[in-house]
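Let's take a friendly walk through a protein chain together. Keep the sequence and the 3D view side by side as you read.

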Amino acid sequence: FEPGIGDEMLTSLLSIDGLKLEKLDMTSCNITSAVGMLLSDFIATNPRMRGLNLRDNDLNDRDAALIANALRSNSTLRNLYIYDNSITEVGAECLRLVLCDESSLNAAADSNHNCN
């Protein structure tokens, strides 16, 4: 895809009123941080979402933090593929903490996901 086309596609798709997806594959679509907030809002408000593939795009640590925050209110997403982006250990740690916060028993219970 040409630069920016993934952002346009994703913006158009996620702006459909009442859209409820179980799986979304946006592999290699040149998605950038320009749609990070829109994407995180969609994850947070779509309880049917079970699989999301964002592999090989232009997402960064800020996007990983937004996705991590969205996962706090979405306990149904089971498969999230975000490798081959510009996410460093900083972004990975944001995701790890929300998925499996082991800082205390309460934090682990609140992380809302299984730690494997």
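In which helix is Ser 40 found? Look for helix α2, because that is where Ser 40 is found. Keep in mind as you look around that this is a predicted model.

Now ask yourself: is Ser 40 buried or exposed? Its relative accessible area is 4%, and a residue counts as buried when that value is under 20%, so Ser 40 is buried. Which residues does Ser 40 touch, leaving aside those up to four places away in sequence? They are Leu 66, Ile 67 and Ala 70.

Let's step back and see the whole chain. It has 5 helices and 3 strands. Starting at the N terminus, you meet these elements in the order α-β-α-β-α-β-α-α. The chain has 116 residues, and 38% of them count as buried. On the outside, the accessible surface adds up to about 6700 Å², with 50% of it belonging to carbon and sulfur atoms. The contacts tell you something about the fold, too: among those with a separation of 6 or more, 78% are between residues 24 or more positions apart.

Helix α2, the home of Ser 40, also has a helix to meet. Helix α2 covers residues 36-45 and helix α1 covers residues 5-14; their axes come within 10 Å and cross at roughly 35°. This crossing is left-handed. On the α1 side, the contact is made by Leu 10, Thr 11 and Leu 14, while α2 brings Leu 38, Leu 39 and Phe 42. Sort these contact residues by character and you get 5 nonpolar, 1 polar and no charged.

Our last stop is Asn 85. You can find Asn 85 in the loop that runs between β3 (79-81) and α4 (89-99). Is this loop residue buried or exposed? Asn 85 has a relative accessibility of 16%; the cut-off for buried is under 20%, so Asn 85 counts as buried.

What does Asn 85 touch, if residues up to four places away in sequence are not counted? The answer is a run of residues: Leu 54, Arg 55, Asp 56, Asn 57, Asp 58 and Leu 59. Zoom in on Asn 57, and you will see that the side chain of Asn 85 reaches the backbone nitrogen of Asn 57 at 3.1 Å. Finally, find Ala 64: Ala 64 and Asn 85 are 21 residues apart in sequence, and their C-alpha atoms are 9.9 Å apart in space.

Note on methods: Residues are numbered from 1 along each chain as its sequence is written. This is a predicted model: local features need pLDDT of at least 70, side-chain atom pairs count only at pLDDT 80 or more; totals for chains, interfaces and linings use all residues. Side-chain values use heavy atoms; hydrogens and water are left out. Helices (H or I, at least four residues) and strands (E, at least two) are DSSP runs, numbered from the N terminus. Buried means under 20% relative accessible area, exposed over 50%, partly exposed in between (1.4 Å probe, protein chains only). Contact means heavy atoms within 4.5 Å. A polar contact is a pair of N or O atoms within 3.5 Å; within protein, one must be able to donate a hydrogen and the other to accept it, and residues adjacent in sequence count only if both atoms are side-chain atoms. Accessible areas come from the Shrake-Rupley method with a 1.4 Å probe; for residues, only the protein chains shown count as cover. Axes are lines fitted to C-alpha atoms, for helices over the stretch in contact, and angles run from 0 to 180 degrees between N-to-C directions. A crossing is left-handed if the near helix is turned anticlockwise from the far one by less than a right angle, and right-handed if clockwise. Ala, Val, Leu, Ile, Met, Phe, Trp, Tyr, Cys and Pro count as nonpolar, Asp, Glu, Lys and Arg as charged, and the others, Gly among them, as polar.
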